[in-house]
Amino acid sequence: AISWLSGFAKDFAEGWSLTNHEYYALQHADSTNFYITEKNRNEIKNGAILRLTTSPAQTALQLHERIQSSSMDAKLEALKDLASYSRDITFAQEFINLDGISLLTQMVESGTERYQKLQKIMKPCFGDMLSFTLTAFVELMDHGIVSWDTFSVAFIKKIASYVSKFPSDIAILQRSLAILESMVLNSHDLYQKVAQEITIGQLIPHLQGADQEIQTYTIAVINALFLKAPDDRRQEMANILAQKQLRAIILQYVIRAQRAINNEMAHQLYVLQVLTFNLLEDRMMTKMDPQIRDIIFELRRIAFDAESEPNNSGGNVEKRKSMYTRDYKKLGFINHVNPAMDFTQTPPGMLALDNMLYFAKHQQDAYIRIVLENSSREDKHECPFGRSSIELTKMLCDILKVGELPSETCNDFHPMFFTHDRSFEEFFCICIQLLNKTWKEMRATSEDFNKVMQVVKEQIMRALTTKPSSLDQFKSKLQNLSYAEILKIRQSERMNQEDFQSRPILELKEKIQPEILELIKQQRLNRLVEGTCFRKLNSRRRQDKFWYCRLSPNHKVLHYGDLEESPQGEVPHDSLQDKLPVADIKAVVTGKDCPHMKEKGAKQNKEVLELAFSILYDSNGQLNFIAPDKHEYCVWTDGLNALLGKDMMSELTRNDLDTLLSMEIKLRLLDLENIQIPDAPPPIPKEPSNYDFVYDCN
């Protein structure tokens with residue numbers, strides 16, 4: 001494999017009368033400066049232009065010497081080339097082998113003082129020089145060849161100074177922030193050193209600028225510091241993250257800035273959102289808390305306005321316990337005697353109780369209304385506040401993925417969570433009121449609890465999908481997603497699923513529909529051949545006799561006759577005395593049009609009307625039926641209409657047709673999964689000028 005490239009380069013070198021062919025290599029002719037190697041040569045596209053250039057080893061050696069030049073102009077050009085070549089891993093490996101990383105770090109460590117002294121004279125030159133140096137360093141380190149643990153404190157301080165103290169330009173600031181982020185994420189020791197040199201307060205001013213790329217890198221550094229914070233600094237980081245100043249600046253200068261948020265910024269905001277909610281994990285996984293009794297008492301006091309606790313005399317113990325049990329039942333706890341036991345499940349643990357207390361204190365009127373409203377309902381119709389709050393908190397933690405590490409590719413952040421210092425608690429307050437509202441709309445009972453929770457989750461997810469900019473807007477979105485609206489949306493989605501309304505699919509449906517209808521017709525006729533037992537109505541309209549009817553296997557005769565009792569299986573057609581040739585049937589009528597429903601004194605029972613049908617034949621003859629259920633009614637009316645060559649119009653046929661058509665369409669489209677089906681067929685190509693290419697089989 002090695003000889004292939006070597007031989008190729010040798011042929012080129014000899015063709016141009018170049019000596020030492022090992023000093024040359026192939027490279028893409030564009031501006032990427034990527035070398036052709038055995039690993040990537042299969043990626044060369046047909047028609048790609050390659051060029052013969054110096055080998056990676058020779059280029060690395062030359063640049064290593066040039067960046068140490070005493071000439072500032074030569075040094076600047078060398079660093080510019082180095083920044084470009086460093087993106088290629090083949091070159092990077094050769095340059096790193098020459099101890100190039102150490103050379104760059106030494107230049108950064110020793111170059112700052114010179115930069116400060118000469119910036120007034122040659123600021124553009126030195127600024128570009130430092131920018132290219134940092135760019136080359138970032139590109140080389142991104143290949144993962146060198147460990148981040150090898151860098152000195154002096155180097156870290158220099159990089160941190162470019163962010164916190166040194167008046168750097170945009171390019172230098174951007175590279176410095178990228179280096180700090182990588183240090184924190186890739187080394188625990190470097191995290192400790194970076195955290196000593198840079199604070200969140202020093203990063204905040206960079207969020208107030210107009211450059212979104214700088215803002216993105218700044219939030220990335222903040223996220224890295226939070227993500228890698230050890231347990232002993234977790235609370236300190238939580239306090240910083242909860243600061244109103246940081247949230248307000250991000251909201252004003254990043255989220256609500258007059259420009260679109262790019263994907264990288266959206267990802268960093270998503271990471272910050274996840275890390276913020278992950279601060280709730282400790283409470284979510286805490287089963288019991290020493291203050292749990294006091295919190296439950298406070299919930300009871302706010303709801304029922306208990307002015308004073310009963311005295312602790314022994315004679316009142318039973319009375320006090322009875323009163324507490326009654327109130328805890330009204331609050332909707334599962335364990336009425338000891339509500340603390342409701343919070344032993346993790347998740348949501350104590351986080352659910354925290355949410356309940358926040359709701360009770362900050363939206364007291366709504367809290368009291370929900371508790372008293374449900375405690376006044378029948379037991380089976382009440383929406384238990386305690387149980388609902390626990391399950392809702394668990395659901396919200398699942399939706400927001402509390403306790404999970406951020407995804408490396410997701411950018412699903414929600415602006416509304418940056419608008420309030422206690423966004424999760426406010427989110428809960430809105431959703432618990434939604435749950436109570438949906439419970440009433442569904443007229444739910446205790447048996448429907450899980451169904452209600454499923455609808456509430458769908459309402460929340462659909463509202464979040466619209467990306468409301470504030471919690472008030474989120475609340476407004478939920479107002480338009482009532483239970484009735486959710487049912488309409490579900491119905492609409494079922495009708496439009498799988499894109500079954502597109503023109504090619506509709507044409508395919510029309511083509512295969514006759515086959516499906518024929519299949520349904522055969523099924524109906526087969527059922528008529530099996531036969532059905534019907535009840536007879538006597539003169540007093542009492543259904544106390546039976547008769548049986550079935551179609552002959554050749555579909556030409558209906559056999560029927562009376563029975564003393566309902567049969568256990570099929571009745572042979574030979575045992576049925578009466579016959580009716582299908583050719584004699586004139587019509588099939590249903591409902592009020594049936595003769596036995598028009599008889600004088602006939603009771604017009606709606607249920608009986610819906611199951612009644614009659615066969616009319618020669619000489620005013622009639623055969624009257626009352627089907628045992630709706631399914632048999634549809635089978636027989638469809639089967640009789642099919643025998644007469646008429647359309648099968650029952651609801652059962654429509655449902656069967658929809659189901660079988662959908663299944664058949666899906667089966668036929670299996671090979672086209674994830675392939676876009678065009679609305680129109682491709683154009684037919686023009687005829688060729690001749691047909692000389694046709695093979696004559698003779």
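This section describes a sheet, a helix pair, a buried cysteine and several salt bridges in a predicted model.

The β-sheet considered here is open and consists of 4 strands, arranged in the order β3-β4-β5-β6 with antiparallel pairing. Its edges are formed by β3, spanning 532-536, and β6, spanning 578-581, each of which pairs on one side only. From one strand to the next, the twist averages 25 degrees. Strand β5 comprises residues 557-563 and runs antiparallel to β6, to which it is joined by 4 bridges. Within this pairing, V557 has P581 of β6 as its bridge partner. Helix α24, formed by residues 503-530, lies across β3 and β4. The direction of α24 is at about 130 degrees to that of β4, which covers 545-551.

Helix α24 also takes part in a contact between distant parts of the chain: R527 in this helix is linked to E632 in helix α27, which covers residues 630-643. The two positions are 105 residues apart. Their side chains meet in a salt bridge, with an N to O distance of 2.3 Å. Both R527 and E632 are buried.

In general, side chains of opposite charge can pair when their charged atoms come close. The model contains 21 salt bridges in total. A second pair that links distant parts of the chain is formed by D412 and K467, which lie 55 residues apart. D412 is located in the loop between α19 (385-399) and α20 (423-442), whereas K467 is located in the loop between α21 (449-465) and α22 (471-479). The closest N and O atoms of the D412 and K467 salt bridge are 2.3 Å apart. D412 has a relative accessibility of 35% and therefore counts as partly exposed. K467 is likewise partly exposed, because its relative accessible area is 32%.

A salt bridge is also found between D327 and R326, where the closest N and O atoms are 3.3 Å apart. The two residues of this pair fall into separate accessibility classes. D327 counts as buried because its relative accessibility is 3%, while R326, at 44% relative accessibility, counts as partly exposed. Salt bridges further link R283, D289 and D354 in a network.

Among the helices, α12 (residues 244-255) and α13 (residues 263-278) form a crossing pair, with axes that come within 13 Å and cross at roughly 165 degrees. Angles over 145 degrees count as roughly antiparallel, so α12 is roughly antiparallel to α13. The crossing of these two helices is left-handed. On the α12 side, the contact is made by I250, V254 and I255; on the α13 side, M265, L269 and L272 contribute.

Finally, the surroundings of C397 were examined. This residue is placed in helix α19, the helix that precedes the loop carrying D412. C397 has a relative accessible area of 4% and is therefore buried. When neighbours within four places in sequence are left aside, the contacts of C397 are M284, L351, V402 and F424. Of these contacts, L351 lies 46 residues from C397 in sequence, and the C-alpha atoms of the two residues are 9.7 Å apart in space.

Key:
Residues are numbered from 1 along each chain as its sequence is written. This is a predicted model: local features need pLDDT of at least 70, side-chain atom pairs count only at pLDDT 80 or more; totals for chains, interfaces and linings use all residues. Side-chain values use heavy atoms; hydrogens and water are left out. Two strands pair if DSSP finds at least two bridges between them. Axes are lines fitted to C-alpha atoms, for helices over the stretch in contact, and angles run from 0 to 180 degrees between N-to-C directions. Contact means heavy atoms within 4.5 Å. A salt bridge is a side-chain nitrogen of Lys or Arg within 4 Å of a carboxyl oxygen of Asp or Glu. Buried means under 20% relative accessible area, exposed over 50%, partly exposed in between (1.4 Å probe, protein chains only). Angles under 35 degrees count as roughly parallel, over 145 as roughly antiparallel, 65 to 115 as roughly perpendicular and the rest as oblique. A crossing is left-handed if the near helix is turned anticlockwise from the far one by less than a right angle, and right-handed if clockwise.
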